[in-house]
Amino acid sequence: MIKPAILFPLLALVSSLGAAPFDDAAALLQSKKYPEAAAAFGALSPGEPVYLQALALHLAGRQDEAIAAADKVPADSHWALKAKFLKAAVLTAAKKHKDAEAIYAGEASRAFTPKRRDVLVKALLDVAEEAVNPVAAGEVEPPKPDWKKSANLCEKVLDMPITRELRADVLYKKATLLQKSGDMNAAHAAFNAWLL
């Protein structure tokens with residue numbers, strides 16, 4: 001079930017719409033007047049976020065209507081992914097596990113495509129690089145490089161299904177970072193893993 005505590009960031013995200021009817025519907029949702037909020041969001045123009053109506057219906061206990069509203073969220077909307085997961089949560093709560101599993105499986109296969117995985121790996125490696133080069137422009141007393149933290153981030157990359165070539169590069173990088181950190185036993189093990 002979607003927790004009401006996460007409503008505030010969601011509502012802040014769409015507050016840029018600024019229309020009074022939207023603000024009134026959002027206030028109802030924040031006040032936990034879910035049936036009234038669902039009706040208020042339903043009365044808004046079709047361009048308004050249908051996802052929030054689905055969420056209000058779900059929180060009001062009107063699960064079938066929540067699923068129907070979630071299905072109306074356009075696929076190109078920035079709310080589309082939230083709507084899919086809301087629908088899966090509703091189906092899980094209704095003990096329709098196979099239907100929910102199909103949604104989760106579809107999104108998992110999309111989320112873990114090689115292209116997305118490569119973006120995540122690059123982000124982790126960028127953070128690892130930042131840990132060993134933490135100096136910002138103009139710093140008088142820069143922090144010392146955190147070799148261990150960088151090596152730990154490399155380990156997270158190694159836990160992912162990455163190509164053999166990238167694995168070899170990351171293993172070598174991890175080994176050299178551990179050596180620089182002074183942990184010679186771990187560095188020795190990492191160099192052995194790289195050689196193998």
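**Figure 1. The salt bridge between K87 and D71.** In this predicted model, the side chains of K87 and D71 form a salt bridge, with 2.9 Å from N to O. K87 belongs to helix α6 and D71 to helix α5, so the pair ties together parts that are 16 residues apart in sequence. K87 is partly exposed, at 23% relative accessibility. D71 also counts as partly exposed, with a value of 49%. The search of the whole structure finds five salt bridges, and the pair of K87 and D71 is one that joins α6 to α5.

**Figure 2. The salt bridge between K84 and E107.** Here the side chains of K84 and E107 meet, with an N to O distance of 2.9 Å. K84 sits in helix α6 and E107 in helix α7, so this salt bridge ties together parts that are 23 residues apart in sequence. How accessible is K84? Its relative accessible area is 40%, so K84 is partly exposed. Is E107 buried or exposed? E107 is buried, because its relative accessible area of 8% falls under 20%.

**Figure 3. The surroundings of E107.** Helix α7, which holds E107, covers residues 97–111. Apart from residues up to four places away in sequence, E107 touches L81, K84 and F85. With K84, the side chain of E107 also has a polar contact of 2.9 Å. E107 has a relative accessibility of 8% and counts as buried.

**Figure 4. A nonpolar surface patch.** Which residues make the nonpolar surface patch of about 240 Å²? The patch is made by L81, F85 and Y104. Two of these residues, L81 and F85, are also touched by E107. Y104 is located in helix α7. At 34% relative accessibility, Y104 counts as partly exposed.

**Figure 5. The largest nonpolar core.** This core has 32 residues. Which of them touch the most other members? They are L29, F41, Y51, L52 and V73. At least two residues of the core come from each of α2, α3, α4 (50–59), α5 (63–71), α6 and α7. The largest share, eight residues, is supplied by α4. A second core, separate from this one, has 19 residues, among them V121, L124, A128 and L178.

**Figure 6. The salt bridge between K174 and E155.** The side chains of K174 and E155 form a salt bridge, at 2.2 Å from N to O. K174 is in helix α10 (residues 164–181) and E155 is in helix α9 (residues 147–158), so the pair ties together parts that are 19 residues apart in sequence. K174 has a relative accessibility of 17% and counts as buried. E155, with a relative accessible area of 30%, is partly exposed.

**Figure 7. The surroundings of L158.** L158 is placed in helix α9. At 9% relative accessibility, L158 counts as buried. Which residues does L158 contact, leaving aside its neighbours within four places in sequence? They are R167, V170, L171 and K174. Of these, K174 also takes part in the salt bridge with E155. L158 and V121 are 37 residues apart in sequence, and their C-alpha atoms are 9.3 Å apart in space. V121 is included in the second core of 19 residues.

**Figure 8. K32, a lysine with positive phi.** Most residues other than glycine have a negative phi. K32 is not a glycine, yet its phi is positive, near 65°. Where is K32 found? K32 is in the loop between α2 (20–30) and α3 (34–42). With a relative accessible area of 56%, K32 is exposed.

**Figure 9. K95, in the loop between α6 and α7.** The loop that holds K95 runs between α6 (80–93) and α7. K95 has a positive phi of about 65°, although it is not a glycine. Is K95 buried or exposed? K95 has a relative accessible area of 64%, so it is exposed. The helices on either side of this loop are also the ones joined by the salt bridge of K84 in α6 and E107 in α7.

Terms used
Residues are numbered from 1 along each chain as its sequence is written. This is a predicted model: local features need pLDDT of at least 70, side-chain atom pairs count only at pLDDT 80 or more; totals for chains, interfaces and linings use all residues. Side-chain values use heavy atoms; hydrogens and water are left out. Helices (H or I, at least four residues) and strands (E, at least two) are DSSP runs, numbered from the N terminus. Buried means under 20% relative accessible area, exposed over 50%, partly exposed in between (1.4 Å probe, protein chains only). A polar contact is a pair of N or O atoms within 3.5 Å; within protein, one must be able to donate a hydrogen and the other to accept it, and residues adjacent in sequence count only if both atoms are side-chain atoms. Contact means heavy atoms within 4.5 Å. Patches are made of residues with over 30% relative accessible area and no salt bridge: like charges are joined within 9 Å, nonpolar side chains (Val, Leu, Ile, Met, Phe, Trp, Tyr) within 5 Å. Accessible areas come from the Shrake-Rupley method with a 1.4 Å probe; for residues, only the protein chains shown count as cover. A salt bridge is a side-chain nitrogen of Lys or Arg within 4 Å of a carboxyl oxygen of Asp or Glu. A nonpolar core is a set of buried Ala, Val, Leu, Ile, Met, Phe, Trp, Tyr and Cys residues joined through side-chain atoms within 4.5 Å.
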